[in-house]
Amino acid sequence: MAKKTLKPKAFFITVEGLEGCGKSSVFNFLTTFLKRKGYSVKVFREPGSTKIGEKIRKLLLDKKNGNLSLHTELLLYLAARTQLIEEKLKKARSFSDIVICDRFLDSTLAYQGYALGLGKIAFDSVKMFSLGINPDITIFLDVSPKVGLARLKKKDRIESRPITFHNKLRRGYLSLAKKYPRRIKVIDASGSLEDIYVSVERLINRVLPR
Ligand code: T5A
């Protein structure tokens, strides 16, 4: 297949969702799908994808760190993000056709801003520490927290939070989708993974620049 190109700046896709929404599976599907179409694709996850980011990730997800303060949690997610942007993401946007990130700034807005109630502090700091990088398209996989959480076999520090947190989280994501309808596309993630893949494929075919 002839190689397609979207340069000079890579198209930036982020995948977001509630716990147990099938994000990992969708992310892998999307990567394979885009590579098969002939694009050069660079993938990252948040928090993580750098040595420092992966260390921060462990700290954040470790159930033993139950006493992590809310502001410390926010700062750690932002720290992992700035490390990723400065070390890898900016470069990847110059050299690939498509960059995909498993979670990005909307996670901080939804989890820390809405669900943990940090509000304006989270919104302002996310803006400041995204360093001018914004996704072109964000796929939000929407599932009820009850259904999503029931899919998980093991729960980390964040997933173990009470259902009220996860309900606020969903409302937060839906508010973001309402606020940024051109960027954030909501996909129903309550059905089978195959159904979700079909929706993602349709969406991507529609939104990718030609
Ligand atoms: N976070 C992150 C913040 O609070 N602030 C931030 O700024 C950022 C960046 C990161 C955690 O940090 C939080 C969010 C997270 O809590 P993570 O690993 O990215 O950790 O987050 P997870 O949501 O835990 O990611 P996972 O990759 O583990 O994905 P999913 O989507 O929760 O789960 P997945 O795809 O592995 O699926 C879970 C199970 O369900 C099944 C799967 O096969 C799997 O077994 N499943 C389905 N089964 C039937 N039908 C479907 N449609 C299914 N979808 C999934």
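Student: What makes the approach of a ligand oxygen to Cys21 a polar contact?

Tutor: In this predicted model, a ligand oxygen atom lies 3.5 Å from a polar backbone atom of Cys21, and a polar contact is a pair of N or O atoms within 3.5 Å (within protein, one must be able to donate a hydrogen and the other to accept it, and residues adjacent in sequence count only if both atoms are side-chain atoms). The pair at 3.5 Å therefore counts. Residues are numbered from 1 along each chain as its sequence is written, and side-chain values use heavy atoms, with hydrogens and water left out. Local features need pLDDT of at least 70 and side-chain atom pairs pLDDT 80 or more, whereas totals for chains, interfaces and linings use all residues.

Student: Which distances put side chains of Arg103 and Gln112 in polar contact with the ligand?

Tutor: An N or O atom in the side chain of Arg103 is 2.7 Å from a ligand oxygen, and one in the side chain of Gln112 is 2.9 Å from a ligand nitrogen, so both pairs meet the cut-off.

Student: Why is the pair Tyr111 and Tyr173 called edge-to-face?

Tutor: Among the 7 aromatic pairs of the structure, Tyr111 and Tyr173 have ring centres 6.4 Å apart and planes at 90°. Rings of Phe, Tyr and Trp (its six-membered ring) pair if their centres lie within 6.5 Å, and planes under 30 degrees apart count as stacked, over 60 as edge-to-face and the rest as tilted, so this pair is edge-to-face. The two residues, Tyr111 and Tyr173, are 62 residues apart in the chain.

Key. Helix = DSSP H or I, 4+ residues; strand = E, 2+ residues; numbered from the N terminus.
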